[in-house]
Amino acid sequence: MTAKSHWALGLMSGTSLDGIDLALIETDGERVVGFGPWRTVPYTAAERERVRSALGGRESTAQAAEVVTRSHAAAVELFLNEDEISPYEIDVIGFHGHTILHRPAERVTVQIGDGAALAAAVGIDVVGDFRSADVQAGGQGAPLAPLYHAALAAALPRPVAVLNIGGVANVTWIGRDDRLMAFDSGPGNALLDDWVRAHTGAAYDRDGATARSGRVDEVRLAALMSHPFFEKYPPKSLDRNDFASSILDEMEVADGLATLVAFTVAAIAGARRFFPEPAVRWLVCGGGRHNGAVLDALRRALVVSVEPVEAVGWRGDALEAEAFAFLAVRSRRGLPLSLPETTGVPRPLAGGTLFPAPVRWQSAPWPAGSP
């Protein structure tokens with residue numbers, strides 16, 4: 001029997017620190033039935049810097065967690081008001097929080113944000129803490145979007161690769177028999193944005209214009225690509241700060257950016273060696289798909305179709321938020337959030353923590369799934 005579908009709101013604060021993505025979908029945790037509104041609510045400069053100060057667990061963690069919680073509550077309120085949605089129409093919120101530390105080899109992953117406080121503030125049940133169970137069981141805790149990618153790609157020709165270029169880049173390979181493989185490929189936007197911010201004060205390199213004007217330093221690129229991560233067989237994942245751009249010190253701004261673009265693309269192209277079968281098409285989501293220098297370099301390197309996910313009707317800027325809405329419903333149903341093929345967890349594993357709203361309208365019961 002087909003499970004009842006639910007309206008779920010996903011919230012995502014990504015490693016690029018640009019803001020909070022919110023997306024509403026209707027799903028039973030196995031299929032996507034419908035799509036509601038989505039939007040991005042930018043962080044203020046003060047919020048962004050407060051969260052940035054906590055990266056790596058260095059300092060101000062409690063204050064940053066409060067900022068993340070408060071800004072997410074305000075974003076939800078704005079979303080509901082501007083799209084004229086009652087909180088009673090939403091059955092659950094998937095709240096990722098913001099990752100400040102990810103060290104799966106040490107069985108540590110930290111996403112800040114208070115799910116209980118968010119549920120109390122908005123009056124909607126919240127599922128959060130998506131990664132801890134996976135990491136504690138020996139998995140990588142990332143990436144977690146592949147099951148959502150597979151649900152969206154059910155009718156597409158296979159094998160297909162879904163590439164998410166956020167602060168870190170990750171790829172989901174979906175085979176002809178629904179087999180999945182997923183892992184972080186290497187750097188994404190974080191190094192590029194940090195370089196631009198440090199050298200020009202701008203938030204990012206719009207459309208890769210500055211990178212296009214620079215020249216790649218092949219010697220330094222080779223040094224960057226010598227990192228042992230790239231030889232490690234997946235599943236594997238990264239922390240935002242696992243790669244440093246200090247090797248590019250003293251370079252001109254444009255040349256440094258061109259070299260970092262080449263680094264991101266070389267890492268993605270190198271990921272193909274792990275695929276069971278070559279992908280016939282690459283679909284790109286995440287903020288990196290807006291960088292024309294990155295996309296052009298990907299097309300040259302991959303020599304197959306490389307397109308933004310909008311080419312197949314997906315919402316590229318909403319995709320990660322949608323994924324956590326999807327995972328929140330799976331969590332409520334007791335369905336796996338991760339698989340051995342996606343995070344290296346020993347067995348398909350459920351996860352997430354429910355934070356019930358103190359007082360709210362009661363939605364329909366949540367049927368159990370088959371873990």
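User: Where does Ala120 lie in this model?

Analyst: Ala120 belongs to helix α3, which covers residues 115-122. Please keep in mind that this is a predicted model.

User: Why is Ala120 called partly exposed?

Analyst: Its relative accessible area is 46%. Buried means under 20% and exposed means over 50%, with partly exposed in between. The 46% of Ala120 falls between those two cut-offs, so this residue is partly exposed.

User: How far is Ala120 from Asp194?

Analyst: Their C-alpha atoms are separated by 35 Å, and the two residues are 74 places apart along the chain.

User: Now the sheets. What is the order of the strands in the six-stranded sheet?

Analyst: The order is β3-β2-β1-β4-β7-β13; this sheet is open and its pairing is mixed.

User: What makes β3 and β13 edge strands?

Analyst: Each has a single partner strand, so one side of each has no neighbour in the sheet. Strand β13 covers residues 353-355. On average, neighbouring strands here are turned by 20° against each other, direction ignored.

User: How do you know that β1 and β4 pair?

Analyst: Two strands pair if there are at least two bridges between them. Strand β1 (residues 6-13) and β4 are joined by four bridges, so they meet that condition. The two strands run parallel. In this pairing, Leu9 has Ile93 as its bridge partner in β4, and Ala8 stands opposite Val92.

User: How many bridges does β4 share with β7?

Analyst: There are two bridges, and the pairing is in the parallel sense. At least two are needed, so β4 and β7 count as paired. Ile93 appears here as well, standing opposite Val126 in β7.

User: What makes both faces of β4 count as covered?

Analyst: On one side of this strand (residues 92-95) are Val92 and Gly94, on the other Ile93 and Phe95, and all of these are buried.

User: Which strands form the five-stranded sheet?

Analyst: This open sheet has the order β10-β9-β8-β11-β12, with mixed pairing. Its edge strands are β10 (180-187) and β12 (305-308), each pairing on one side only. From one strand to the next, the twist averages 20°.

User: What are the partners of Leu283 in β11?

Analyst: In β12, the bridge partner of Leu283 is Glu307, and Val162 stands opposite Leu283 too. Strand β11 (residues 281-285) pairs with β12 in the parallel sense over four bridges. β8 and β11 also pair in the parallel sense, over five bridges.

User: What makes β11 mostly covered?

Analyst: Four of its five residues are buried. As for helices, α9 (residues 253-270) lies across β8, β9, β10 and β11, and runs at about 155° to β10.

User: Let's turn to the aromatic rings. How many aromatic pairs are found in the whole structure?

Analyst: The search finds twelve.

User: Why is the pair of Phe229 and Phe243 called edge-to-face?

Analyst: The ring centres are 6.4 Å apart, and rings pair when their centres lie within 6.5 Å, so Phe229 and Phe243 are a pair. Their planes stand at 85°. Planes over 60 degrees apart count as edge-to-face, so that is the name for this pair.

User: What does this pair tie together?

Analyst: Phe229 and Phe243 both lie in the loop between α8 (218-225) and α9, so the pair ties together parts that are 14 residues apart in sequence.

User: How do you know whether these two residues are buried or exposed?

Analyst: Phe229 has 7% relative accessibility, and Phe243 has 9%. Buried means under 20%, so both count as buried.

User: What makes Lys236 a charge over the ring of Phe229?

Analyst: Its charged end sits over that ring, 4.4 Å from the centre. The distance limit is 6 Å, so 4.4 Å meets that limit.

User: Finally, why is Asp28 called buried?

Analyst: Its relative accessible area is 2%, under the 20% cut-off, so it is buried. Asp28 lies in the loop between β2 (19-27) and β3 (32-42). Leaving out residues up to four places away in sequence, Asp28 touches residues including Thr2, Lys4, Val329 and Arg333.

User: What makes the link between Asp28 and Arg31 a polar contact?

Analyst: The backbone nitrogen of Arg31 lies 2.7 Å from a polar atom of the Asp28 side chain. The limit is 3.5 Å, so this distance fits within it.

How values were computed
Residues numbered from 1 in each chain as written. Predicted model: local features only at pLDDT ≥ 70, side-chain atom pairs only at ≥ 80, totals over all residues. Heavy atoms only, no water. Buried < 20%, exposed > 50% of the residue type's maximum accessible area, 1.4 Å probe, protein only. Axes fitted to C-alpha atoms, helices over the stretch in contact; angles between N-to-C directions. Contact = heavy atoms within 4.5 Å. Phe/Tyr/Trp six-rings, centres within 6.5 Å; stacked < 30°, edge-to-face > 60°. Lys NZ or Arg CZ within 6 Å of the ring centre and 35° of its normal. Polar contact = N/O pair within 3.5 Å; in protein donor to acceptor, adjacent residues only side chain to side chain.
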